[in-house]
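Subject: Structure for your review

Dear colleague,

Please find the structure below, together with its sequence. My notes on the findings follow it.

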Amino acid sequence: MSATGEKVVDTAEEVAEDVGHAYGSWFKSYMKIFGRRALEWFLVYMFGYYNVSFGWLMAPLFFLVLRDKRAKEKKIKFDIIRSIANADEKDIIQEIQRFSNLPSWVTFPDMERVEWLNKIIRQLWPYAGQYVKDLCKYSIEPSMRTALEEYKLNGFQFEKIILGDTPPRFSGVKVYDDTSRHEIIMDMDFAYAGDCKFEVSVSKFKMGIKDLQISGRLRIMMKPLVRQIPLVGGLQVFFLNNPDVDFNLIGLADVFDMPGLSDILRSIVTEQIGHMMVLPNRYPIQLVEDIDVVELKCPAPAGVIRLNVIEAQNLMKKDIGIMGTGKSDPYCILRLGAQKFQTKTINNTVNPKWDFCCEFLTEVIQSQELDFELFDLDDGPGQDEFLGRANLDVQEIWKNGEVDMWVPLSEAKSGRIHIRATWLDLSDTADSLQLQLEEIRALQVTTKNPLHSAVLMVWVDSAKKLNQIPDPFVRLYVGNEKGETAVRQRTNDPVFEEGFTFLVRNPRTQELKLEVIDQKTNQIQGKVELDLNVFLKERKMEVIGEDYSLSGASGGLSTLKLNITLRILKTALKTDDGDGGPQEKDVSVPAPGGGIEPPAEVTSVEEVMSTAATPLMQMFPSATSSEESSIRQRTTPASNAGIHGLGRVQLTVKYGPRNNLIIVVHQIENLPKEEDGELPDPYVKLYLLPDRSKDSKRKTDVIKDDCNPKYDERFEYPIPPNELTQRTLEVNVINKKGLLFLQRSPKMGQVRLDCGLLDASKMTQWYDLAPAADDDEE
């Protein structure tokens, strides 16, 4: 009885305690709301009592509304990413399958393997805390400190690092089978939306971030493969392009969580991630001791892309002028991985002409894209308005040597951009330097942007016998470019093992400067100055494992061990070798007296025409068995008016990786003249049937008085894979001349292609023009 009674009493006490807690919690919550409302009404009363301007009342209200709106948007985005990061892989795939077909390489056995990988990561995640703390303190903190000092924010450091319980998640794994047998390349989607928390101090202020979100396409390269456990010598981990990054601010920083101000902090965080592991930067992990660490930590680039953003047309009108006419102040941002360039702003136009030239070091070829984003310049941080984006596949540029085309802007009502991109190989002989310098001089007649003729790769291995006991690091200079190694603490014989790559304007006149600096005192321990012209005479233009004496060092015994490799940029014509792979062709050289001087092996006029053909003619290689016909796929063959006598059109039609149908209208040949013998003014109009709306229509420029017009214009249609078999591409050739007065149809011919029957091996083809159907809409 007593036991039972005691139990009843205990239960009653627990209930009373729970009720007390609930009442106390409710009372605190009520008082908090009451206090906030009272403060708001008091502020409004004081504004009225002292006759303060109405604007001073609206400004903080506007601030709070905008901040609240942003917080809701971020919460929605965070919930979406977290649901993806925490959902079962099969559930995600089955949901996607309801709306579209999956790529051929995605199968449920693959998904099961990915889920197995995610289970391992979840198991290991609690043990990753110390590794992340060391990464933040010794890698991220120094770079963040340097970046924030540009904004007069000093003394950045991590105060608290809590990793949380939610690990990252991987999905959409793709393993490439067309690589070297000494490496494995794997791409996967990375999503992290965890419950981590980072507290930092900046300029004596405490702040922090939480709810960090990172998502992007991650590549893991396993190389070299070795004959001992673990069979893989090392890993290179990197994002192909800048990942999407977002987070919530806490502490003092939460006050500034507004568009513009928080965007600056967000861009700094994204930039630091880019410096660490977005191409051309990689995060190397050495697994075996006896491997080539230079190849692991600083592999040679695949080549260089010389990019010319020429102009844009028909951009959206974001500003309204005095007379009511539309205008914009457009500029373009160009990105390849972490590399970024920006054109100048052209004011008051929707048809800007930039003629902007730049060069990108290109580390990998597969699955990477050049991105172009256009903005209308407005006053104030974060206020620039978006005008659209476009992209070019790096692999297409590599295959063809050069592409020159108009690309339509996505995420925009109108607009297109004219881009020329040239692939440059890396040569280990100095013979091609003079030709490259001449090409640069010719290009810089129209553009003032600095162009380069060579690539310099510097491996900073180690230093020996430095003075005293410094905290040394190495600073490198090539022209206006510089790089820095990490700091090595308290050592006279530091081992750096870091690589740097520089673009060089002219190796005959430039030099490489290196300084060994003590971080504590900021004093130079010694320096090395090397004339790049010397390396042009070295075998394969490289010096490996050379110890250079440091000038200015006391005693003269201090040395710096370096690997230095010079490579000359070489323009080459890429064509299909018949097996789908690229093959290099020599480019014709301007003869001293003008004209084209063919290479020595060219023996016929027809071969001269093929060799002199610009790389534009190989915008997309056709799958022909003959290499010669592939080289001349854009040259005009013998007279051929098609089976209907209406001429024929050359098109590239392919389905892209971003679920978009890509059409390039190259050229038309042998269009018939008008009845009076006058030449037509043709253009090409496209529809993606059965849709004939304005959204489905695409048009090329009009070429006046020409029966063999050349366009090289590119168009895109966003379309899910499962709808491809239901669509037909209609290509119409229309005569613009006298269009309003002609009695007959202005359509000169037509081609219809079933999108469900596209042949990936025959993307670029000639199509005979047929008479247009009578019921076609004009």
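The charged end of arginine 648 is placed over the ring of tryptophan 766, at 4.5 Å from the ring centre. A second arrangement of this kind involves arginine 692, whose charged end sits over the ring of tyrosine 687, 5.3 Å from its centre. Please bear in mind throughout that this is a predicted model.

Aromatic pairs

There are eight aromatic pairs in the structure. One of them joins phenylalanine 170 and phenylalanine 190 in an edge-to-face arrangement, with 5.6 Å from centre to centre and 65° between the planes. The two residues come from distant parts of the chain, 20 residues apart: phenylalanine 170 belongs to strand S2 (residues 169-175), and phenylalanine 190 to strand S3 (residues 184-193). Both phenylalanine 170 and phenylalanine 190 are buried.

Another edge-to-face pair consists of phenylalanine 341 and phenylalanine 360, with 5.1 Å between the centres and 85° between the planes. Because phenylalanine 341 lies in strand S13 (residues 339-342) and phenylalanine 360 in strand S14 (residues 353-362), this pair ties together parts that are 19 residues apart in sequence.

Are phenylalanine 341 and phenylalanine 360 buried or exposed? Phenylalanine 341 has a relative accessibility of 30% and therefore counts as partly exposed, since that class lies between the 20% limit for buried and the 50% limit for exposed. Phenylalanine 360 has a relative accessible area of 0%, so this residue is buried.

Ring pairs also link Phe156, Phe158 and Phe198 into a cluster.

The surroundings of glutamate 141

Two members of that cluster, Phe156 and Phe158, appear again beside glutamate 141, which contacts both of them. Glutamate 141 is located in helix H5 (residues 129-149). With a relative accessible area of 6%, glutamate 141 is buried.

Which side chain makes a polar contact with the side chain of glutamate 141? The partner is lysine 137, at 3.2 Å. In addition, a polar atom of the glutamate 141 side chain lies 3.0 Å from the backbone nitrogen of phenylalanine 158. When neighbours within four places in sequence are set aside, the residues in contact with glutamate 141 are Cys136, Phe156, Gln157 and Phe158.

When you open the model, you may wish to begin with glutamate 141 in helix H5 and then turn to the cluster of Phe156, Phe158 and Phe198.

Yours sincerely

Notes:
Residues numbered from 1 in each chain as written. Predicted model: local features only at pLDDT ≥ 70, side-chain atom pairs only at ≥ 80, totals over all residues. Heavy atoms only, no water. Phe/Tyr/Trp six-rings, centres within 6.5 Å; stacked < 30°, edge-to-face > 60°. Helix = DSSP H or I, 4+ residues; strand = E, 2+ residues; numbered from the N terminus. Buried < 20%, exposed > 50% of the residue type's maximum accessible area, 1.4 Å probe, protein only. Lys NZ or Arg CZ within 6 Å of the ring centre and 35° of its normal. Polar contact = N/O pair within 3.5 Å; in protein donor to acceptor, adjacent residues only side chain to side chain. Contact = heavy atoms within 4.5 Å.
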